[in-house]
Amino acid sequence: MTDLLVVGSGFFGLTVAERMAEEHGLDVTVIDRRDHIGGNAYSERDAETGIEIHRYGAHLFHTSNERVWAYVNRFSAFTSYVHRVYAKHRGEVFPLPINLGTINQFFRAAHGPGSARALVTEEAAELGDSTPQNLEEKAISLIGRPLYEAFIRDYTAKQWQTDPKRLPADVISRLPVRYTYDNRYFNDTHEGLPVDGYTALLERMADHPRITVHLETDFFTSSEFGKASTVGNVPIVYTGPVDRYFDSSLGDLAWRTLDFEREVLPVGDFQGTSVMNYSDLDVPYTRIHEFKHFHPERDSPADATVIMREYSRFATGADEPYYPVNSPDDRDRLLRYRELMPQEPDVFFGGRLGTYQYLDMHMAIGAAISTVENRLVPRLVGGDR
Ligand code: FDA
């Protein structure tokens, strides 16, 4: 029998496995119900063009956590890619996040930082001191109505399939506006993409003599590594959905999912950039990714490109859970699931599905390192078993 069973081979599960095997000498078994490792960060070469595709949506690595940065660099060098996003609105393309360039283009003006800030502050005062009752009012109180209606309203409606007037105000806490022309998407100290792709990085994390990976192995159906035969017999790090672990006994936690429509086009360059948001309701998708722009340093076909249109909707049973809906009901349910966890002292819940929260990759890795140091090592290596 193994020393530790890790359910899920995403960044959280692989970080735990690698640390416990390499640093603490445990034999670790990793299972995943999919036919590949890496969870949602998995990437693959498009068969026709050789272009690297992020199967579960675009993944941009960024972090200000020095420890996490040093950790991932042990498994891969990173390119100097800097992420920038543009938005198409009423036949015009604007830079995002909203910055001085966006404001001046939108208002056909030449504001400096001070007058742009004064303009946005004035627009944002429209609703006075009243407490925002819904997402629309909250957004208006942050950036004013014109910018909200152009860049947030319809995009949010498409993301949530719901009029923002009917979404709770706390779906957004802030809407960044930059009063400079800086349109770097992320503010972090470090940013880049693994030079030879995410899957190569993830495979190197799992490539350890003490780590065994079993793919197409579901924790709820496997005879050898399933819940029935392992809980109580081996410590488990579980990164699958928390409600599913408890047989959804307190009800399902709600998620949004995405549908991706991939297409190879016979042109060298479709949109001139990696991500274009579509802000208006007359276009049903939220954005288009064009993958060759993530790696301008690579050779790619001069006469072909791969694009992926992204559509957003509420998840039902068999859909991939992508973003927690996090309604008050969900939060209440999550608290009640957490109360059940102490019944399972040798099961450690982690990762985005196991904790029901959106985690960027660097957050999942950081959380996994903390779980190893603060929970697993004291319990499994410290001798108090
Ligand atoms: P992850 O979901 O990756 O892995 C969980 C694994 O558990 C999966 O492989 C699953 O198959 C497996 N599993 C579940 N149930 C199981 C069962 N019953 N039995 C066996 N295995 C089971 N982050 C970032 O830093 N930059 C970015 O640009 C993006 N972009 C992005 C786009 C989209 C659309 C999404 C949804 C997410 C991102 N992310 C991101 C976040 C990133 O995907 C996230 O940080 C990692 O996936 C977290 O890794 P985990 O290991 O927690 O989960």
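Which residue just after helix 5 takes a positive phi? In this predicted model, that residue is G144, whose phi is about 85°.

## Helix 5 and its neighbours

Helix 5 covers residues 135-143, and its buried residues are L135, E136, K138, A139, I140 and I143. These buried residues pack against helix 4 (113-124) and helix 6 (145-160). At the start of helix 5, a side-chain oxygen of N134 comes to within 3.0 Å of the backbone nitrogen of E136, while G144 with its positive phi follows just after the helix.

## The ligand and its shell

The ligand is surrounded by 31 residues, of which D32, H59, L60, L359 and M361 are the closest. Sorted by class, this shell consists of 16 nonpolar, 9 polar and 6 charged residues.

Three pairs of atoms give the polar side of this picture in detail. A backbone N or O atom of R33 lies 3.2 Å from a nitrogen atom of the ligand, and a polar side-chain atom of D360 likewise lies 3.2 Å from a ligand nitrogen atom. For M361, a backbone N or O atom lies 2.7 Å from an oxygen atom of the ligand. Taken alone the ligand would expose 990 Å², and the protein buries 97% of that area. The elements that contribute two or more residues to the shell are helix 1 (11-22), helix 11 (351-355) and helix 12 (361-381).

## H62 and its contacts

H62 belongs to strand 5, which spans residues 61-63. Because its relative accessibility is 6%, H62 counts as buried. The side chain of H62 is joined to that of D188 by a polar contact of 2.6 Å. Leaving aside residues up to four places away in sequence, H62 touches F186, D188, H190, E191, D360 and H362; among these, D360 also places a polar side-chain atom 3.2 Å from a nitrogen atom of the ligand.

## Nonpolar cores

In soluble globular proteins, nonpolar side chains tend to be buried together. Here the largest nonpolar core has 79 residues, and the members that touch the most others are F11, F61, I103, F151 and V242. Helix 6 supplies the largest share of this core, with 6 residues.

F151, one of those well-connected members, touches A87, H89, F94, L96, I98, T102, F106 and S279 when residues up to four places away in sequence are not counted. Apart from the largest core lies another, made of 18 residues that include V16, A17, A368 and L380.

Methods: Residues numbered from 1 in each chain as written. Predicted model: local features only at pLDDT ≥ 70, side-chain atom pairs only at ≥ 80, totals over all residues. Heavy atoms only, no water. Near = heavy atom within 4 Å. Polar contact = N/O pair within 3.5 Å; in protein donor to acceptor, adjacent residues only side chain to side chain. Areas by Shrake-Rupley, 256 points an atom, 1.4 Å probe, with all protein chains shown as cover. Helix = DSSP H or I, 4+ residues; strand = E, 2+ residues; numbered from the N terminus. Nonpolar A, V, L, I, M, F, W, Y, C, P; charged D, E, K, R; others polar. Buried < 20%, exposed > 50% of the residue type's maximum accessible area, 1.4 Å probe, protein only. Contact = heavy atoms within 4.5 Å. Core = buried A, V, L, I, M, F, W, Y, C linked by side-chain atoms within 4.5 Å.
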